[in-house]
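Student: I am new to this structure and would love a close look at one part of it, the place where the metal and the ligand sit. Could you walk me through it in one go, with some background on the whole?

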Amino acid sequence: GLQKNLSNDLLKPAETDNPKNIIDNRGNHINTLNKTKPDITQKAAEEVLRSTSVWARRSGGLHKVMALDVTDMPRDLQAMGQFGQPARVPRDKELESRRRWSEGYFNVFLSEQIPIDRAIPDTRPQTCSENLVHDDLPNTSVIFCFVDEVWSTLLRSVHSVLNRSPPHLLKEIILVDDCSTKDYLKEQLDVYMSQFPKVRIIRLKERQGLIRARMAGASAATGEVLTFLDSHIECNVGWLEPLLERVYLDRKKVVCPVIEVISDKDMSYMLVDNFQRGIFRWPLVFGWSALPEEYIRKNQVKDSDPIRCPVMAGGLFSIDKSYFYELGAYDPGLDVWGGENMEISFKIWMCGGEIEIIPCSRVGHIFRGDNPYKFPKDRVKTVERNLARVVEVWLDEYKEIFYGHGYHHLLDKSVTDIGNLTEQIQLREKLKCKSFKWYLENVYPDLDAPLVKAEGVIFNAGARKCLVFQNGIFFLDKCDVTNKSQQFSYTWLRMLRQNTSCLTPQEMQIIMEPCDNTKPHLRWMHKSGKVLTDHVMIESHSQPICLEAGVKAGIYLKNCDAINSFQKWQFTHYYA
Ligand code: UD2
Ligand code: MN
């Protein structure tokens, strides 16, 4: 048969017991062994496999992941950092290595000492060896965006892809230079890369930031799948096929390798814990979280099983190219760095796709303490603004939780201009994406996301009665949890809300006004359980002013008094 004739023995289809009975997720019969194969010379076969996999596309067979690694036999066994071992800075080079740290915010000196194509330990879980992938996987364009990347790490990234990807699956490598300032990234890079016909370099005339740089790479890509990688990574053995396999099974699967750690200090390749999911915590901070033991046991999760992730880390993933565009790519209004992983994650899940980490695919990444490039505008403001765009488009009513975690200031349009969102909102409508509520319930049910900080009736400790708003006036009455006019909530933006109206101070009285999150004078300080904190205080006054129950059931604003129980208020429920 075709595959067996290939000199590369690794292309051999795996032996399956009864191939006739295997049906893949697309409903195709997976049947290699019984198929009559066209009579085709080895050279032609290789050519076909290399170019478009036309023949393979019809065959639908399976094989074991190719253990392809040209660094299996490393050139220099004694080299520093070989096999992913920690490298050591010689005594007399310590100063130099420290001085050069800021070129990349990792040990740039050591990176230069270790081979550009070093071997690293194959860290795949044992069970990966049993996994099969299709012969007719789609090919991919690998896209590296970089700005002022260190020479040695950029090269090591590219070599790891060239050396450890089956050639017929690697359509091309696109290097997108996001307007680097370093000289070596110009002619020197062109010359170096010209020895690899698959490598193309795109140069952006203006600094676009990684989000728009990735889109520039995508629009130049000719492969069927886009694979985005950071420019300081090392792909491990067999990294590509398990990713492409998932995309092949379902083009709406967006898949990430396990991101392992290349030490910023000694460049060693470090294995990470299994069963890690990509998650976020408020206010949209990315993090990792292990699947609960209980869940692993109950579902008999194997260490090679794909792991569904509420969000992806952002840097390393494969996505079907046409699906990427169907999703509207990234919001092009996102600048420089940050937040785009949240945007694409919410978009994928809410609009019908899935995000998975594939444990049989592993890529090392240098995590750095600082960005070795400049932000055209303020770094913090750039990231905040990106997040605000994401939140406004995707979070629905849950966006208050985000703003309530220290981002109140983003609501003030005179301070932060988050730009126009019309196209993003239209896209969400066009794609008929589900709500954020759906996402929380179905994709990330373990996230704590109470819509308000507190709610219920508000009990006054002095009067031993509850606050009522009825027929346009406030008064106190016997507490009645079923009475709608006693129901209030304390929101993430610290407003006291009943339906769409909010408690508003006016002189030393209170009135109801339509809620408006952008108005700071509607905010009240209130925390339960601590001295003074059961008070309800106006935030905007220079001296502390508190809500007080009057003797004749009226409500007033008075100077705060820590021991006055008529100034103490309690909601029925507190969530945060
Ligand atoms: C993580 C992601 C990164 C991105 C970022 C949030 C991983 C491993 N990394 O931060 O891919 O999703 O979170 O936005 O998941 N770059 C440019 N132009 C710029 C800035 C950066 O091309 O203006 C390049 C940079 O050279 C690098 C890549 O974009 O190759 C990611 O930047 P990073 O490595 O500083 O981000 P990282 O790993 O801290
Ligand atoms: Mn990175």
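Student: Before we zoom in, what is the mean pLDDT of the protein? After that, please take me to the manganese ion and ligand 1.

Tutor: Happy to. What you see is a predicted model, and its mean pLDDT is 89, with 88% of the residues reaching 70 or more. That confidence varies along the chain: helix H1 (residues 2-5) has the lowest mean, 27, while strand S6 has the highest, 99. Over residues 1-42 the pLDDT is below 50, and this stretch makes 77 contacts in the model beyond near neighbours in sequence. Another such stretch is residues 48-58, where pLDDT stays under 50 and the model has 24 contacts beyond four places in sequence. For the complex, the predictor reports an ipTM of 0.99 and a pTM of 0.89.

Now for the setting. The protein has 576 residues, 54% of which count as buried, and it contains 16 helices and 26 strands. Take the contacts between residues at least 6 apart in sequence: 72% of them join residues at least 24 apart. On the outside, the accessible surface comes to about 26500 Å², and carbon and sulfur atoms account for 51% of it.

Here is the part you asked about. The manganese ion (ligand 2) is held at 2.2 Å by Asp-230 through OD, and by His-232 and His-365, each through NE2. Along the chain, these donors follow the spacing D-x1-H-x132-H. Asp-230 sits in the loop between strand S6 (225-229) and strand S7 (233-235), whereas His-365 belongs to strand S14 (residues 354-366), so this pair ties together parts that are 135 residues apart in sequence. With a relative accessible area of 10%, His-365 is under the 20% cut-off and therefore counts as buried.

Next comes ligand 1, which has 22 residues around it; the closest are Asp-178, Ser-231, Gly-338, Glu-340 and Tyr-373. Tyr-373 also takes part in a polar contact: an N or O atom of its side chain is 2.6 Å from an oxygen atom of ligand 1. Two arginines reach oxygen atoms of the ligand as well. A polar side-chain atom of Arg-207 lies 2.7 Å from an oxygen of ligand 1, and for Arg-368 the corresponding distance is 2.9 Å. On its own, ligand 1 has 740 Å² of accessible area, and the protein covers 92% of that.

To finish, here are two residues to find elsewhere in the model. Phe-109 lies in helix H5 (residues 108-113) and is buried, at 4% relative accessibility. Leaving aside neighbours within four places in sequence, Phe-109 is in contact with Val-89, Pro-90, Lys-93, Glu-96, Ser-97 and Arg-100. One of these partners, Lys-93, is 16 residues away along the chain, and its C-alpha atom is 8.6 Å from that of Phe-109.

The other residue is Thr-491, which you will find in strand S18 (residues 488-491). Thr-491 is buried too, with a relative accessible area of 1%. Not counting residues up to four places away in sequence, Thr-491 touches Glu-400, Val-452, Lys-453 and Arg-497.

How values were computed:
Residues are numbered from 1 along each chain as its sequence is written. Chains are lettered from A and ligands numbered from 1 in the order in which they are written. This is a predicted model: local features need pLDDT of at least 70, side-chain atom pairs count only at pLDDT 80 or more; totals for chains, interfaces and linings use all residues. Side-chain values use heavy atoms; hydrogens and water are left out. Helices (H or I, at least four residues) and strands (E, at least two) are DSSP runs, numbered from the N terminus. Buried means under 20% relative accessible area, exposed over 50%, partly exposed in between (1.4 Å probe, protein chains only). Contact means heavy atoms within 4.5 Å. Donors are N, O and S atoms within 2.8 Å of the metal (3.2 Å for Na, K and Ca); water is not among the atoms, so sites may look incomplete. A residue is near a molecule or strand if one of its heavy atoms lies within 4 Å of it. A polar contact is a pair of N or O atoms within 3.5 Å; within protein, one must be able to donate a hydrogen and the other to accept it, and residues adjacent in sequence count only if both atoms are side-chain atoms. Accessible areas come from the Shrake-Rupley method with a 1.4 Å probe; for residues, only the protein chains shown count as cover. pLDDT is the predictor's confidence in each residue, from 0 to 100.
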